[in-house]
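Hi there,

Here is the structure I promised to pass on to you. Please have a look at it first, and then read my notes below.

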Amino acid sequence: MSESLVHNVLVPFVKGLLTVILVATAAGILTWIERRGLGRLQIRKGPNRVGPAGFFQWIADVVKLVFKEDVVPSRAEKVIHLLGPLLLFMPAVVVLGLVPWGPELTLFGVTTPLHAAADVNVALLLILAVSSIGVYGIILAGWSSNSKYPLLGGLRSAAQLISYEVPMGFAVVAAVLMAGSLSMVEIIEAQKEAGVWFVFPGLVAFFLYFVSGVAETNRTPFDLPEAESELVGGFHTEYSGFRWAIFFMSEYGNMISIGAVATTLFFGGWLRPFPNVAWLSFLDVVPAFFWFAGKVFLFLLVYIWFRATFPRYRFDQLMALGWKALIPISLGNLFLVALAALWGAAGLKVLGAVLVLLVAAGLVAAWRRPARASVTTRMAAEKVEVRA
Amino acid sequence: MQSYIPILFFAAIAALFPIAILVVMALLRAKAPNPTKLSPYECGIASATDAHDHRFSVRYYLIAVLFVVFDVETVFLFPWAVMYDKLLLFGLIEMAVFLYILVLGYVYVWKRGALSWA
């Protein structure tokens, strides 16, 4: 087989297939981790029947979903009904293909960079472009079902996604400004050169990116589209069986890709902590890929933690947060980072130190403030009578 | 251009993988449709109208238009951010002027109440 055929067809094909299978499997295992974790956080057990600690629960769920009847409402637009979930799944996989998972890999005599798809020099722009395709998936799924609740859920969801894309874009611009490049590999190398992860000077940008990312993936506290109490199941009300499973895989796939992009932009991708400090070089025993995967995994745990901690926003609060809070903050942050970057890497380091100190001071202040008494204690103190 | 080909592979495989499972499992899964099962989700009564006949809030259009304005703005910021280490102070002032116009529009839109949902 010719060299170019291997590089242009075989390698991308194998990588693509592996990534899709990886996303599907990771989605399954994540549901198990999520349900066990939520169980712990809510002082109950979670799934514990199928296999050790309930680990095979997700396999049982997959089997169930695959064998379930494929119900497509008779009034639905059949083709678009199928297109919806696919358009949501595709971006998750492609974005994971554009994020570098490690420096380089040689396998079966073929050396290839360890990104799944390609090191494109405008990768970040492409990631933003591709991930916005998901909006079409959601709104088409909602519209094509030809039913009230999916239509409303799809509209809401589309409004939510496009609203949070704006602060996300501004946050990403701040990271680009620090790195001076749109290539994911060069952004990681810029963090190695600067000797500091961009999360420190880009603390606000990272915060904005992650909050918008949670909103983009429709996770709690921004899971309005699936607000069961008002909209049944939101845009996927009319989906069942494996079609619904595609939505499910896309949600987890998008969580992984948001985590992967955040890791690359702000947490040094595959780099170990403090990549330039020599005495920490013993950390290099852990291969680069595992640093990357470990950081992404931490993000996924934070997603689950959010779900156990925060109540859901109301829709007008959600839009107000996006348009009236995150956008002004992101513009201000961009200006701040640009100002610090006038002095190059030194300016960014100073900005990072100032931000970290501010956060530390805030934490200390919060720590020292006396805790609010619980509702029951206050009611007892104010002699509020509870009528039966 | 060649470096973009793998991305197309990814997109194609991501689309074909779920379709393949749907097609293969069509041979194995249960299949027992009936008119009630295939009707749109309602509270038990067959809906008289198509969902597409209903109208929805004009605010969704407004949000969409505002999004386009801000997103185009972001597109202009990307090349500026990449070249910032060469533009420096000139770039900062230039972009401050550019963003000033955006912020004027933003304040106007806010004052007109386009950003509040209630």
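**A nonpolar patch on the surface**

Val50(A), Phe56(A), Ile59(A), Val63(A), Phe67(A), Leu27(B) and Leu28(B) make up a nonpolar surface patch with a combined accessible area of about 650 Å². Patch members have over 30% relative accessible area and no salt bridge, and nonpolar side chains are joined within 5 Å; a salt bridge puts a Lys or Arg side-chain nitrogen within 4 Å of an Asp or Glu carboxyl oxygen. Areas come from the Shrake-Rupley method with a 1.4 Å probe, and for residues only the protein chains shown count as cover.

This is a predicted model: local features need pLDDT of at least 70, side-chain atom pairs count only at pLDDT 80 or more, and totals for chains, interfaces and linings use all residues. Residues are numbered from 1 along each chain as its sequence is written, chains are lettered from A and ligands numbered from 1 in the order written, and side-chain values use heavy atoms, without hydrogens and water.

**Chain B**

Chain B has three helices and zero strands (DSSP runs of at least four residues for helices, H or I, and at least two for strands, E, numbered from the N terminus). Its C-alpha trace spans about 70 × 50 × 15 Å along the principal axes. Of its 118 residues, 30% count as buried, meaning under 20% relative accessible area (exposed is over 50%, partly exposed in between). Chain B exposes about 7,700 Å², with 73% supplied by carbon and sulfur atoms.

**Back to Phe67(A)**

Phe67(A) sits in helix H2 (residues 57-67) of chain A. Its relative accessibility is 40%, so Phe67(A) counts as partly exposed.

Happy exploring!

Key: Patches are made of residues with over 30% relative accessible area and no salt bridge: like charges are joined within 9 Å, nonpolar side chains (Val, Leu, Ile, Met, Phe, Trp, Tyr) within 5 Å. Buried means under 20% relative accessible area, exposed over 50%, partly exposed in between (1.4 Å probe, protein chains only).
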